[in-house]
Amino acid sequence: MHKGFIAGLGVLAWDIWDHYHTVKVERPILRENLNNYLNEVKDSLLNDKENGVLSSVNKFHDGILDTLNSKPILAK
């Protein structure tokens with residue numbers, strides 16, 4: 001039982017060290033990847049003329065410009 005207890009403590013110590021080491025190494029990589037992903041989503045939402053959030057506004061704007069450019073201005 002004494003050897004099992006010591007082995008259990010060794011496994012627990014190894015697990016704790018491995019956890020903190022993995023967090024130290026992987027967290028900056030995860031943070032950078034998440035930041036890059038969110039920047040890509042933001043760019044897509046704001047600048048994609050077909051599927052972005054502003055696509056409806058862009059279509060409405062383009063429609064108004066097309067109408068203004070195709071109709072003659074009435075002179076008084």
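**Close-ups of a two-helix predicted chain**

**View 1. K71, out in the segment after α2.** At 54% relative accessibility, K71 counts as exposed, because exposed means over 50% (partly exposed lies in between, and buried is under 20% relative accessible area, with a 1.4 Å probe and protein chains only). K71 sits in the segment after α2, which covers 55–70. Between K71 and L54 there are 26 Å, C-alpha to C-alpha, for 17 residues along the chain. This is a predicted model, where local features need pLDDT of at least 70, side-chain atom pairs count only at pLDDT 80 or more, and totals for chains, interfaces and linings use all residues. Residues are numbered from 1 along each chain as its sequence is written, and side-chain values use heavy atoms, with hydrogens and water left out.

**View 2. Helix α1 from end to end.** Helix α1 takes in residues 2–47, so at 1.5 Å a residue its 46 residues should span 68 Å (1.5 Å times one less than the number of residues). The end C-alpha atoms are 66 Å apart, which agrees. The protein chain has two helices and zero strands; these are DSSP runs numbered from the N terminus, H or I of at least four residues for helices and E of at least two for strands.

**View 3. The kink at E26.** Helix α1 has a kink of about 35 degrees at E26, shortly before the proline P28. The bend here is the angle between axes fitted to the seven residues ending at a residue and the seven starting there.

**View 4. N35 and L45 in α1.** N35 belongs to helix α1 and, at 44% relative accessibility, counts as partly exposed. From N35 back to G10 it's 25 residues in sequence and 37 Å in space, C-alpha to C-alpha. L45 is in helix α1 too, and its 38% relative accessibility makes it partly exposed. L45 and D18 are 27 residues apart in sequence, with 39 Å between their C-alpha atoms.

**View 5. Zooming back out to the protein chain.** The C-alpha trace spans about 105 × 20 × 15 Å along its principal axes. The radius of gyration, taken over C-alpha atoms, is 30 Å, while a compact globule of 76 residues would come in near 11 Å (the rule is 2.2 Å times the number of residues to the power 0.38). Just 3% of the 76 residues count as buried.
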